[in-house]
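Trainee: Could you take me through one part of this structure slowly? I would like a close look at the largest pocket, and at how it fits into the rest of the chain.

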Amino acid sequence: MTPVVLFDMDGVLLDSREATLATLAGIATASLGRRVTVADLPADALTTPRVEVLIRLGVTEPDELCAIWWDPALATASCTAVFSGVLEGLMAIKDAGMATGLVTLQPRDRLSWLLPPAVLALLDVTVCREEAEPKPSPDGLLLALGKLGAAPMEAVFLGDTASDVRAARAAGVTPLGAGWGWAGPAALAATGAAVVLDSPAVIGPDLAHHAACPPAALTATPPAR
């Protein structure tokens with residue numbers, strides 16, 4: 001069996017917090033005809049579907065406005081960047097002979113300008129918004145595993161929101177929490193993450209030790225905590 005490490009993108013591999021908040025505020029500003037700042041956004045803006053956030057701000061027809069403005073607003077917002085340690089961690093996972101995958105709510109055409117080519121090259125499979133029901137549905141995780149020919153018990157999924165944890169549990173995959181991401185460690189633990197990690201620097205082959213049924217070769221080394 002080949003261990004599989006699956007990842008969410010935003011808040012896990014990619015630091016897109018400020019860019020996402022700025023995009024929400026920008027669309028609300030354009031729609032409402034008055035300035036809306038990041039400080040005006042609800043506290044749970046990052047973990048709430050964008051349409052719901054915009055409706056709460058008073059925006060009408062948020063789906064249509066996002067279809068027109070989201071990409072250009074996000075592309076011109078403050079810079080996004082992969083978290084420190086992500087590239088090195090992915091390289092170490094691949095060097096250890098493990099499979100990797102991305103399951104994200106981002107559409108596929110954004111990946112090339114949100115993630116560096118070096119990171120994309122280290123992902124064996126990517127499942128995007130248009131290819132599966134959004135999390136907390138398990139469909140995206142199951143699709144990724146199907147493409148890799150892997151069973152859920154061989155996999156872990158590192159996510160940063162309650163929806164990520166619920167999707168992993170529904171898929172039979174071990175859910176790991178990215179405590180540096182959008183929801184925070186307490187919310188991830190409360191939702192049922194098997195382990196909540198505190199830094200992207202821990203991304204690496206040891207993540208596979210948390211799988212429900214890791215290969216014997218991996219169980220010889222105690223899990224990193």
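Mentor: Let's start with the whole chain and then move to the pocket.

Please keep in mind that this is a predicted model, where local features need pLDDT of at least 70 and side-chain atom pairs count only at pLDDT 80 or more, while totals for chains, interfaces and linings use all residues. Residues are numbered from 1 along each chain as its sequence is written, and side-chain values use heavy atoms, with hydrogens and water left out.

The chain has 10 helices and eight strands; these are DSSP runs numbered from the N terminus, with helices being H or I of at least four residues and strands E of at least two. Its radius of gyration, 18 Å, is close to the 17 Å from the globule rule for 225 residues, so the chain is as compact as a globular protein of that length. That radius is taken over C-alpha atoms, and the rule is 2.2 Å times the number of residues to the power 0.38. Of the 225 residues, 50% are buried, meaning under 20% relative accessible area with a 1.4 Å probe, protein chains only.

Now for your pocket. The largest one holds about 730 Å³ of space. It is lined by 28 residues, and Leu46, Thr48, Pro49, Leu105 and Trp182 are the closest to its centre. Four elements, α1 (17-32), α2 (50-56), α3 (62-75) and α8 (162-171), each give two or more residues to this lining. The largest share, four residues, comes from α8. By class, the lining has 11 nonpolar, seven polar and 10 charged residues. Here Ala, Val, Leu, Ile, Met, Phe, Trp, Tyr, Cys and Pro count as nonpolar, Asp, Glu, Lys and Arg as charged, and the others, Gly among them, as polar.

What makes it a pocket? On a 1 Å grid over the protein atoms alone, a pocket is an open set of points with protein on both sides within 12 Å along at least five of seven lines, whereas in a cavity a 1.4 Å probe fits but cannot get out; lining residues have an atom within 4 Å of a point. Grid points are joined across faces, edges and corners, and a volume is the space filled by probe spheres set on the points.

For contrast, the largest cavity has a volume of about 70 Å³. Its lining has 13 residues, with Val103, Glu133, Pro134, Lys135 and Gly140 nearest its centre.
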